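Reader: Hi! I am new to reading protein models, and I would like a close look at one part: the place where two chains touch. Could you walk me through that side, and then through the chain behind it?

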Amino acid sequence: MNSPAPILIRATGLTKKYEDFVAVNGIDFSVAKGDSFGFLGPNGAGKSTTMRIIAATLNRSSGSIEILGKDPELHGPQIRAHLGVVPQQDNLDQALTVTENLYVYGRYFGLPKKFIRAKIEELLEFAALEEKRDVKVEALSGGMKRRLTIARALISEPEILMLDEPTTGLDPQARHILWDRLFRLKEQGVTLLITTHYMDEAEQLCDRLIVMDKGSIMAEDSPSGLIKTYSTKEVLEVRFGSDKNALVAGELEALCERIEVLPDRILMYGEDGEHLLHTMKESGLQPLTSLVRRSSLEDVFLRLTGRSLIE
Amino acid sequence: MLVSAAVAIADARIGKYGERTFSGRPHTVMERSYIAFKSSAWIVVLSGFVEPLLYLFSFGYGLGKFIGTMNVGHGHVVTYAAYIAPALLATSAMNGAIYDSTFNVFWKIKFDRIYEGMLATSLGPLDVALGEIGWALLRGFAYAVGFTTVIVPMGLIQNWWGILAIPAAVLIAFGFAAIGMAITTYMNSFQQMNMIQVVMLPMFLFSGSFYPLSVYPHWTQEIIKALPLWHAITLVRSLTLGDISLGLLPHIAYFLVMIFLGLFFTTRRLTALFMR
């Protein structure tokens with residue numbers, strides 16, 4: 001067996017306070033080399049704040065953080081040289097073309113022109129933007145802009161690629177193209193740090209993730225580990241009509257391991273959803289609609305916080 | 001451990017003074033401006049060059065016909081055009097510097113979020129400040145050189161000290177660019193940005209561009225002498241008229257202080273905006 005991968009990022013009691021609220025509340029986590037590490041949580045959970053602290057563009061209030069053994073507040077430029085940053089909102093250079101964006105970004109890192117020119121060809125292919133090379137970025141679609149932002153972040157050959165909500169606002173097809181590219185990077189051994197409020201994204205991309213809510217870590221594990229610990233194998237979703245849902249909840253609760261009553265539907269947790277549906281119908285309860293599905297991180301989040309991820 | 005080129009470059013600066021705010025690469029920020037400039041609207045750039053010439057022709061040669069000559073002290077008499085030409089030279093250095101360091105910078109902060117992108121790399125805030133101010137300065141310098149190449153053949157600079165008007169224009173442009181960018185980083189809206197224009201025009205009209213300050217009451221003179229453009233005009237005019245003395249040093253010092261304050265506050269503000 002190989003020796004365990006070295007730890008690239010280690011945070012202890014990491015806290016960010018603003019005048020009127022605590023954005024990040026004493027969190028501990030560590031990321032090993034080659035990990036694909038996710039921060040899952042709703043808006044305002046403290047994910048982006050944590051990312052900015054790691055990216056050496058935000059000072060912490062207390063606690064400690066080391067990135068490749070260095071403190072970001074003391075060695076900002078050195079740490080940023082290891083990172084590729086894909087911000088939540090694209091900040092591509094609107095005045096420049098696709099290649100010019102890649103070129104100037106490489107120059108900001110001080111890279112030699114020859115190195116950058118060769119790298120640009122590689123990245124244009126990776127981002128499938130060869131045909132757009134001389135196009136101004138404002139003419140690109142949302143998906144293309146995202147891919148260019150990722151390509152730009154890769155110009156310095158970073159060890160850690162940080163993606164803040166990488167697919168928010170993209171259509172399904174553009175999301176899948178992006179996921180495919182991120183998989184490739186993962187295969188190449190790039191450490192990925194991803195924030196997302198999409199469960200499917202976290203399940204697709206992350207080996208390990210922390211579930212965050214209101215600045216704190218609620219749980220940490222692999223996606224499947226989280227589901228195993230905090231949910232059942234399957235979920236039966238039933239609707240009895242919005243006024244009746246609450247009335248039948250008591251009866252349903254007796255049939256399964258756990259239920260969640262949402263405004264529009266009831267989630268029933270158990271090992272076998274079909275069987276659950278069968279027993280329910282036998283006991284004389286006829287839902288308007290029913291759906292059996294596997295448990296997801298959404299269920300984990302609901303269990304941990306009592307709230308849905310996307311509200 | 002094998003490190004990437006970007007890391008090796010950044011690590012080479014460990015232990016150097018100011019390593020957290022400066023990476024030694026403002027030229028890469030200027031290179032970005034140059035690339036963006038190549039495809040920008042030339043007509044806008046050209047208008048800044050033409051503007052002082054329009055003043056020179058209408059006031060210098062038009063109004064100058066009625067004014068005749070100006071006594072500039074020590075029994076030295078010059079044409080009215082030669083009197084206002086150095087003022088217009090100083091003003092064009094100022095205008096060139098202000099264009100890029102105010103509205104363009106405001107746009108980059110608020111809408112394009114260019115600096116956020118730059119500061120996610122191994123650049124520091126002082127690299128960004130120096131790069132942007134340096135680029136703005138170049139435009140002021142270019143306008144000053146352009147204006148000078150027009151007025152020298154017209155015989156409006158008649159002594160060799162006048163050559164120093166060019167480095168003086170660089171100093172002036174540097175000062176205005178630095179202060180312009182510093183002020184812009186504190187602005188929140190276009191209304192506030194328009195205040196800059198509201199200040200610039202009267203400053204141009206009343207800073208001794210077209211006639212000596214002696215026409216004003218004492219208290220007005222004192223106010224104008226506190227403003228940067230008066231120092232710029234006085235410095236350039238003394239050089240083009242060959243009126244050289246140690247008395248020019250305070251004007252130079254004024255701009256050195258402006259440059260220092262501008263860089264200091266720009267760097268501080270960029271840090272506060274994007275790195276806190």
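Author: Happy to help; what follows starts at the contact between the chains and then moves to salt bridges and packing.

A few ground rules come with this predicted model: local features need pLDDT of at least 70, side-chain atom pairs count only at pLDDT 80 or more, and totals for chains, interfaces and linings use all residues. Residues are numbered from 1 along each chain as its sequence is written, chains are lettered from A and ligands numbered from 1 in the order in which they are written, and side-chain values use heavy atoms, with hydrogens and water left out.

Let us begin at the interface. Chain A brings 39 residues to the contact and chain B brings 37 residues, where contact means heavy atoms within 4.5 Å. Between them the two chains bury about 3,200 Å², with 55% of it on carbon and sulfur atoms; buried area is the accessible area (1.4 Å probe) that two parts lose on being put together, summed over both. On the chain A side, A:Q78, A:R80 and A:Y108 lose the most area to chain B, together 21% of what that side buries.

What holds charges across this boundary? The rule finds 3 salt bridges across the interface of chain A and chain B, a salt bridge being a side-chain nitrogen of Lys or Arg within 4 Å of a carboxyl oxygen of Asp or Glu. A:K70 forms a salt bridge with B:D11, and their closest N and O atoms are 4.0 Å apart. Helix 2 (76-80) and helix 3 (98-108) of chain A each supply at least two residues of the side that touches chain B. Helix 3 of chain A gives the most to that side, with 6 residues. Helices (H or I, at least four residues) and strands (E, at least two) are DSSP runs, numbered from the N terminus.

Now zoom in on A:T57, in the loop between helix 1 (47-54) and strand 4 (62-67) of chain A. Leaving aside neighbours within four places in sequence, A:T57 is in contact with A:R52, A:R80, B:L119, B:F274, B:M275 and B:R276. A:T57 is buried, with a relative accessible area of 9%; buried means under 20% relative accessible area, exposed over 50%, and partly exposed in between (1.4 Å probe, protein chains only).

Next, look at salt bridges within chain A. Side chains of opposite charge can pair when their charged atoms come close. The side chains of A:D90 and A:R146 meet in a salt bridge (3.1 Å, N to O). A:D90 lies in the loop between strand 5 (83-86) and helix 3, and A:R146 in helix 5 (residues 142-153), so the pair ties together parts that are 56 residues apart in sequence. A:D90 is partly exposed at 25% relative accessibility, whereas A:R146 is buried at 3%.

A:E122 also forms a salt bridge, with A:K119, the closest N and O atoms being 2.9 Å apart. Both lie in helix 4 (residues 113-126) of chain A, 3 residues apart, about one turn of the helix. Here A:E122 is partly exposed at 46% relative accessibility, and A:K119 is buried at 8%.

Finally, visit helix 8 (residues 223-230) of chain A, where A:P223, A:G225, A:L226 and A:I227 are buried. The buried residues of helix 8 pack against helix 7 (199-205), strand 8 (208-213), strand 9 (216-221) and helix 11 (297-305) of chain A.
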